Amino acid sequence: MNEYDAIILGAGAAGLFCAATAGQRGKRVLLLDHADQPGKKILISGGGRCNFTNLHTAPDRYLASNPHFAKSALSRYTPADFLALIDGYDIAWHEKTLGQLFCDGSAKQIVAMLLEECAKGDVTVHCGDGVGGVEYTDGRYRVDYGQSSASAPALVIATGGPSIPKMGATAFAYDLARQFGLKVVQPRPALVPLTLPGEETLFRDLSGVSTEIVVRCGPSAAKAPAFREAALFTHRGLSGPSILQISSYWKRGDTVTAQFVPDRPEGWLKAVKRERPRLSFRKAMGDGLPERLADALCERLGIEGEIGNLSDKALGAAEARLARWPFVPDGSEGFAKAEVTAGGIDTAELSSKTMEARKSPGLYAIGEAVDVTGWLGGYNFQWAWASARAAGLAI
């Protein structure tokens, strides 16, 4: 039996950073992962360049049953703190858009940095063996893995959620949490493409067409913000950054509304009618839209001919429809295509300061395993760093 001060399950972003933090405080740390190498999700993130944080990180950009839970950890470890670490390793980076920061080079640099940080803390990293069982007796957690066993007074669940199962993701975190009496908020795919039913066949024919929209979500609109980014029509439905963002708020039965040509002022079609009455409605409406999309929208609106021959009422109705075009998705592309998992270990079970379970001393949960889900664009990495730091300092 190998004895440690802490055993961390999951060598992803949160697990690696927690291990490094605790190790550099002099704790004897064992970091375990069933994958054959650490940081596999980091390596594929951001198109291989790792969108490692977002400059606009704030608690209101996270979904959780308790919207206040993330405040403590996020305030104590900020994007500026992680940037200082990055800069210390001379990793070049750039802001792509909307505060999203990426490596100039490769996500491999982030993994290498985290492993070097672990090495500075003499962390034992063991990959390639699944956990056979976990028990708690006499104030210590015993973990069986491969042909070995280890024990420690602290155990950290950092195994993430079931999103992207082809990378080895599972629901192990939730099973382990339930084993120790922790509640789990129903997990669901988030930051995921949405699928459309058969009656939306016209839009399915637009597969590959992209345009900037403002997107909102039905009955949840009061809670869900509007997102202005690109939307992409696919052979199954809708994707692109704006759709991935709103998907985290979408519930089955909700209507998603898209505002096409969002820069147009109110009354713009009537203004075109006055200024260019001989212009066809199709050309008037299609200015600023991809041609195939403009054709499809015209077909759905059922309006044609010169704009000067159309009534102001008809033009006003068309404007209103274009400003809040409804889609009712029949589902999503599931965990296989979801970038993250919403839901997870209930934050009511955890200390927001230390991430320790209130009812199970020495048991911690961090990162995606917890019911805290960020927006697209580096927010989930920042939650991984912040929650990992909180736990690593508390162990």
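Let's start inside: Pro59, Tyr62, Leu63, Ala64, Asn66, Pro67, Phe69, Ala70 and Val372 line the largest cavity of this structure. Keep in mind that you are looking at a predicted model. The volume of this largest cavity comes to about 30 Å³, and the structure holds 1 cavity of 30 Å³ or more. Rolling a probe the size of a water molecule over the atoms shows where empty space is left. What is the character of the residues in the lining, by nonpolar, polar and charged? The lining divides into 8 nonpolar residues and 1 polar residue, with no charged ones.

From the cavity we can move on to the rings. A search of the whole structure turns up 17 aromatic pairs. One of them brings together tyrosine 141 and phenylalanine 180, which meet edge-to-face with 5.6 Å centre to centre and 70° between the planes. Tyrosine 141 belongs to strand β10 (residues 140–145), while phenylalanine 180 sits in the loop between α6 (172–179) and β13 (184–190), so this pair ties together parts that are 39 residues apart in sequence. Tyrosine 141 and phenylalanine 180 are both buried.

Now turn to another edge-to-face pair, made by phenylalanine 203 and tryptophan 325, with 6.1 Å centre to centre and 80° between the planes. This pair links distant parts of the chain: phenylalanine 203 is in helix α7 (residues 201–204) and tryptophan 325 is in strand β19 (residues 325–327), 122 residues apart. Why does phenylalanine 203 count as buried? Phenylalanine 203 counts as buried because its relative accessibility is 0%, where the cut-off for buried is under 20%. Tryptophan 325 is buried too, with a relative accessible area of 0%. Tryptophan 325 also has a charged neighbour, as arginine 321 lies over its face at 4.1 Å from the ring centre.

A similar arrangement involves lysine 96, whose charged end sits over the ring of phenylalanine 102, 5.2 Å from the centre of that ring. Elsewhere, ring pairs join Phe17, Phe52, Tyr77, Phe82, Phe381 and Trp385 into a cluster.

With the rings in place, let's follow the strands, beginning with β12 (residues 154–157). In a regular strand the side chains alternate between the two faces of the sheet. Strand β12 is covered on both faces: Ala154 and Val156 on one side, and Leu155 and Ile157 on the other, are all buried. Strand β2 (residues 6–9) runs parallel to β12 and is joined to it by 4 bridges. Here leucine 9 stands opposite isoleucine 157 of β12. Strand β22 (residues 363–365) also pairs with β12 in the parallel sense, over 3 bridges. Which residue of β22 does isoleucine 157 stand opposite? The residue is alanine 365. Isoleucine 157 is thus a handy place to centre your view, as it stands opposite leucine 9 and opposite alanine 365.

Our last stop has strands running the other way round. Strand β15 (residues 210–217) and strand β16 (residues 227–233) pair in the antiparallel sense over 6 bridges, and isoleucine 213 has glutamate 229 in β16 as its bridge partner. Strand β16 also pairs with strand β17 (residues 237–239) in the antiparallel sense, over 2 bridges. Leucine 232 stands opposite serine 239 in β17. Finally, β16 and β17 form a hairpin, with 3 residues between them.

Definitions and conventions:
Residues numbered from 1 in each chain as written. Heavy atoms only, no water. 1 Å grid on protein atoms, 1.4 Å probe; cavity = no way out; pocket = protein on both sides within 12 Å on 5 of 7 lines; lining within 4 Å. Points joined across faces, edges and corners; volume = space filled by probe spheres on them. Nonpolar A, V, L, I, M, F, W, Y, C, P; charged D, E, K, R; others polar. Phe/Tyr/Trp six-rings, centres within 6.5 Å; stacked < 30°, edge-to-face > 60°. Buried < 20%, exposed > 50% of the residue type's maximum accessible area, 1.4 Å probe, protein only. Lys NZ or Arg CZ within 6 Å of the ring centre and 35° of its normal. Pairing = 2+ DSSP bridges.
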